[in-house]
Structure formats: structure tokens, C-alpha cells
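Q: Please take one close look at the salt bridges of this structure. I would like a connected account that also considers the largest pocket and the strand pairing.

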Amino acid sequence: MKSKTGKIIVICAPSGCGKSTILNTLLDSGICNLKFSVSATNRKPRPDEEDGVHYHFMSTDQFRDAVAEGKFVEWEQVYPGRYYGTLKSELQGAIDSGENVVLDIDVKGAMHVKELFGDKVLTIFILPPDIETLRKRLIGRGTDAMDEIERRVNRARYEISFADKCDGRVINDDLETAISDTRRLIRDFIG
Ligand code: 5GP
């Protein structure tokens, strides 16, 4: 008898919406035995990032070769010249063996995964209360210059226009509420 296959949770959010904090809190709490799918990217690692843990870091040529060899479930050019993709090796084996997998990918990638895996997938969009709050949070983080902040705000406007296409939406106004709303959506879906 074939064992039960796992489910896929896709979390999308523009930068500055608190997605990583929400995701890490849920993963640390051990909810539904979620396994994090480590994406591949051609961007350089940040100082606190580890290869194979945060991303599989690749050169642009390695990324292109992986695309040509059909190694991705989906991939996108999220920012100019910056590629990100979900590896088949991270996803398929895990769900076939009954594990529940969580993806942190952009909204176009999320739609793609939904098309491919249908009702095995729950897509959740994390929203800021409004664009001004998002801009203030990005400024408050102090990690980006103003032109980069405006680029991220514009990208956020674009991504938010797809939020209605996701199965669930969570507004991150208060972090604790956003975490418990996300947890509830995941528990209801996985059962
Ligand atoms: P960052 O460079 O800040 O880690 O990520 C930038 C964006 O790329 C985020 O919105 C993140 O969700 C998205 N991303 C990360 N991995 C993937 C992936 O495998 N596929 C797609 N489509 N987007 C991804």
C-alpha cells in the first residue's frame, strides 16, 4: 500500500513583512513536522547565511545548467539578474515519503507550485498593514539605502496585487496575532 503523501505550504510575502520571523517561529515550534525546502539561488550569501541551510548557493552558470538539466520544480528571476528556484531534490522525495514541506518563495513561484501540485498545496500571503508601514519598517531595519527601499516598496506593490490569488492571507500588524493566524491556517489544512 502506498504511504500517504505529504503536503506543501507556500509562504509568500514582500520583503519587510516579517515572513522570516513568522516562518522561523513556526518551524522552531515543530508544528506539523514541517520541513523547510532549501531553494537554490545565484545571489551571494549574506554574512549570516550558510550554504545548504539558507540556500544552495550557485554561480549563474551552475544555476543555468541546473535549469537545462530539469532540476527545478519552478524557478524565477525575482530581481534583475538574480535567480531563485525550488529543486526537485528538495521537494519530491520529501512529499513522496509523507513529509510536509514549507516553501518560502515569491508569489509567481507560488502560483506555479499550485498549478503543479493542486490541492496538495496551501498558499499563504503575508501582508503588511499598508504600504506606508512597510516603507517605515524597511527604513527602520537600516539595512538598505533609500533607492533600494523604494525598489522593494515597488516590488511589494506588485506582489500584493497577487495576494487574492493565494488560498489564505495574513496581515502582519501585530506579530503574535500573525503567527497564530498562520499557524491556524496550516493546522486546518494539514489536519
Ligand atoms: P532573498 O534574496 O531576500 O533571500 O529572497 C528574495 C525573494 O526570493 C524572496 O521573495 C523569496 O521568497 C524569493 N525566493 C526564494 N527562494 C525562491 C524559490 O525557490 N523560488 C522562487 N520563485 N522565489 C524564491
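**Salt bridges and their surroundings**

A: Lys 35 has a relative accessible area of 25% and is therefore partly exposed. This value, like the others below, is computed from a predicted model. The side chain of Lys 35 forms a salt bridge with that of Glu 90, with 3.5 Å between N and O. The two partners come from distant parts of the chain: Lys 35 belongs to strand E2 (residues 34–36) and Glu 90 to helix H3 (residues 88–96), with their positions 55 residues apart in the sequence. Glu 90, at 12% relative accessibility, falls under the 20% limit and so counts as buried. The contact thus brings together a buried Glu 90 and a partly exposed Lys 35. As a rule, side chains of opposite charge can pair when their charged atoms come close.

Over the whole structure, the search returns 16 salt bridges. Another of them pairs Arg 135 with Glu 150, whose closest N and O atoms are 2.9 Å apart. Because Arg 135 sits in helix H5 (residues 131–141) and Glu 150 in helix H6 (residues 146–160), this pair ties together parts separated by 15 residues in sequence. Arg 135 is buried, at 15% relative accessibility, whereas Glu 150 is partly exposed, at 28%.

A further salt bridge joins the side chains of Asp 144 and Arg 152, at an N to O distance of 4.0 Å. Here Arg 152 is the buried partner, with a relative accessible area of 11%, and Asp 144 is partly exposed, at 21% relative accessibility. Asp 144 and Arg 152 also take part in a network of salt bridges that links them with Arg 141, Glu 148 and Arg 151.

Helices H5 and H6 appear again at the largest pocket, where each gives two or more residues to the lining, as do helix H1 (19–28), strand E5 (72–79) and strand E6 (82–87). The space in this pocket amounts to about 1300 Å³. Its lining consists of 41 residues, and those nearest the centre are Ser 20, Arg 43, Arg 46, Tyr 55 and Asp 104. The greatest contribution to the lining comes from H1, with 6 residues. By residue class, the lining holds 17 charged, 13 nonpolar and 11 polar residues.

Turning to strand pairing, strand E8 (residues 121–127) is largely enclosed by the rest of the structure, because 7 of its 7 residues are buried. In a regular strand, side chains alternate between the two faces of the sheet. In E8, one side carries Val 121, Thr 123, Phe 125 and Leu 127 and the other carries Leu 122, Ile 124 and Ile 126, and all of these are buried, so that both faces are covered. E8 runs parallel to strand E1 (residues 8–12), to which it is joined by 5 bridges. In this pairing, Thr 123 of E8 stands opposite Val 10. E8 also runs parallel to strand E9 (residues 168–171), with 4 bridges between them. There, Phe 125 stands opposite Arg 169 in E9.

How values were computed:
Residues are numbered from 1 along each chain as its sequence is written. This is a predicted model: local features need pLDDT of at least 70, side-chain atom pairs count only at pLDDT 80 or more; totals for chains, interfaces and linings use all residues. Side-chain values use heavy atoms; hydrogens and water are left out. Buried means under 20% relative accessible area, exposed over 50%, partly exposed in between (1.4 Å probe, protein chains only). On a 1 Å grid over the protein atoms alone, a cavity is a set of points where a 1.4 Å probe fits but cannot get out, and a pocket is an open set with protein on both sides within 12 Å along at least five of seven lines; lining residues have an atom within 4 Å of a point. Grid points are joined across faces, edges and corners, and a volume is the space filled by probe spheres set on the points. Ala, Val, Leu, Ile, Met, Phe, Trp, Tyr, Cys and Pro count as nonpolar, Asp, Glu, Lys and Arg as charged, and the others, Gly among them, as polar. Two strands pair if DSSP finds at least two bridges between them.
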